[in-house]
Amino acid sequence: MDGEELTEQETALYDRQIRVWGPNAQRRLTKSHILVSGIKGTVAEFCKNIVLAGVGSVTLMDDRLVNEEALNANFLIPPDENAYTGKTVAEICCDSLRDFNPMVHVSVEKGDLSTFGAEFFEKFDVVVIGYGTRVIKKSVNEQCRKLSKRVAFYTVDCRDSCGEIFVDLQNYKYTKKKLEETVECELNYPSFQEAISVPWKPIPRRTAKLYFAMREVFEESEGRKHGECSLLDRAKVLEIKKKLCEANSVSESHIPDNLLERLITGHTEFPPACAIVGGILAQEVIKAVSGKGDPLKNFFYFDAQDGKGVMEDISDSFTS
C-alpha cells in the first residue's frame, strides 16, 4: 500500500490532512481499496468521511431498490423521487459520493455478499459490513482471515439511537507517539465469532449493557432483515433473554428490558447517532489504513440516550 508518491493535485487537495497525519499516511490512504456492504444512515456518514479523506477506491454493495424506508437518515439519496426510481441504493449513493470527491474511484458491485469467495475480498484492504446478519458477518470475517494479506474487517449496526461497531484487525502493528519518541505497538484481535462467543459470566459487570443486548437481538432476528423485529416479538425476546442469562449464569439485569424494547422496535435510525457512530467508524478505518494512532479493540458502543461512547475489549482472555 505504500505505492507511488502523492501527485501535485493530491498534495494540494489533501494539504490540511497531510499537515495532521503526514504524507506517508495520506499516501497509504490514497492507495487503499475499501468494500462497503449495506448502506443506511450510519454507513452513509462513514462513506462520506472516507471519500473526503481521500481513500483510493470505495466499492458499494446494496441491491435494495430505493424506497421510503431507504431514505431514512441516508443523505446520499436525493429526495426527488424521479432521481432514483428503479435504481438501487448502491447506484444512487455511488453518484452522490463521486460528487463529494472526484479523485476517489467509487463503483458498485452487485450480488449477494455471502456467495463471494476469499479471492473476491483479496482485492480490498478494508471490508465494512453494515446491518448484516450474524451468519454473513461470521462468514465474511472467516473469508478475510484466510487471505495471505491482512484485510481489516468491520461491522456496524445502528438501531434507534444505539450503535455498535466491531473491529478485527487480526495481528496489527502500528506506531504512536509517546513523549518525545515514536513507539512500535502490536495488537492481536479475536474473530467476530470468537468475540460474540465469549461466556458472559467472566465478563466484567461494568461492560456496556449494549454488548449483551445486541447479542440477544441477533439471536432473535437471525434470518430476518434489519428492522423486522417489533413489539410483537417482545415476549419471545424476553424468553430468549431468560434462557441466555440462565445458560451463562448471569443476572437478567445484564440486559434491561427497556433497552431491549428500544432495539427491537428501532426500525429507523436517529440521524445524530448516525453522525457519531459513522464518524467513529471512519476514524478507525483511517487509523488502520494509515498505521497511525491507537485503534479500537474490539467493540465500540454509543447510546444517544446518555450520550456515552464506550470501547469494550471482549476476548477469551476473560476465561483464561
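How many salt bridges does a search of the whole structure find? The search finds 19 salt bridges, a salt bridge being a side-chain nitrogen of Lys or Arg within 4 Å of a carboxyl oxygen of Asp or Glu. The structure is a predicted model, in which local features need pLDDT of at least 70 and side-chain atom pairs count only at pLDDT 80 or more, while totals for chains, interfaces and linings use all residues. Residues are numbered from 1 along each chain as its sequence is written, and side-chain values use heavy atoms, with hydrogens and water left out.

**Salt bridges**

Three of the pairs are set out below.

| Pair | Closest N to O |
|---|---|
| Glu45 and Lys48 | 2.9 Å |
| Asp160 and Arg262 | 3.7 Å |
| Asp294 and Lys176 | 3.5 Å |

Asp160 sits in the loop between strand E5 (152–159) and strand E6 (162–168), whereas Arg262 belongs to helix H11 (residues 257–265), so this pair ties together parts that are 102 residues apart in sequence; helices (H or I, at least four residues) and strands (E, at least two) are DSSP runs, numbered from the N terminus. Asp160 is partly exposed at 27% relative accessible area, while Arg262 is buried at 15%, where buried means under 20%, exposed over 50% and partly exposed in between (1.4 Å probe, protein chains only). Asp160 and Arg262 are also linked with Asp303 in a network of salt bridges.

The pair of Asp294 and Lys176 likewise links distant parts of the chain, with Asp294 in the loop between H12 and strand E9 (299–303) and Lys176 in strand E7 (residues 171–178), 118 residues apart. Asp294 is partly exposed at 37% relative accessibility, and Lys176 is partly exposed at 29%.

Glu45 and Lys48, by contrast, are three residues apart in helix H3, and therefore separated by about one helical turn. Glu45 is buried at 13% relative accessibility, and Lys48 is buried with a relative accessible area of 18%. Beyond residues up to four places away in sequence, Lys48 touches Phe75, Leu97 and Phe100, contact meaning heavy atoms within 4.5 Å.

Glu10, in helix H1 (residues 8–13), is buried yet has no salt bridge, and the nearest side chain of opposite charge, that of Lys31, is 4.9 Å away.

**Nonpolar cores and a surface patch**

The largest nonpolar core (a set of buried Ala, Val, Leu, Ile, Met, Phe, Trp, Tyr and Cys residues joined through side-chain atoms within 4.5 Å) has 56 residues, and those with the most contacts inside it are Phe46, Leu60 and Tyr154. Helix H12 (residues 271–290) supplies the largest share of this core, eight residues. A second, separate core of 44 residues includes Ile129, Phe166, Ile203 and Leu210.

Leu210 is found in helix H9 (residues 209–221) and is buried at 7% relative accessible area. Its contacts, not counting residues up to four places away in sequence, include Leu259, Leu263 and Asp303.

At the surface, Leu52, Phe75 and Phe100 make a nonpolar patch of about 260 Å²; such patches consist of residues with over 30% relative accessible area and no salt bridge, nonpolar side chains (Val, Leu, Ile, Met, Phe, Trp, Tyr) being joined within 5 Å. Phe75, placed in the loop between helix H4 (68–71) and helix H5 (89–100), counts as partly exposed because its relative accessibility is 42%.

Key:
Patch = residues over 30% accessible without salt bridge, like charges linked within 9 Å, V, L, I, M, F, W, Y side chains within 5 Å. Areas by Shrake-Rupley, 256 points an atom, 1.4 Å probe, with all protein chains shown as cover. Lys, Arg positive; Asp, Glu negative; His and termini not counted.
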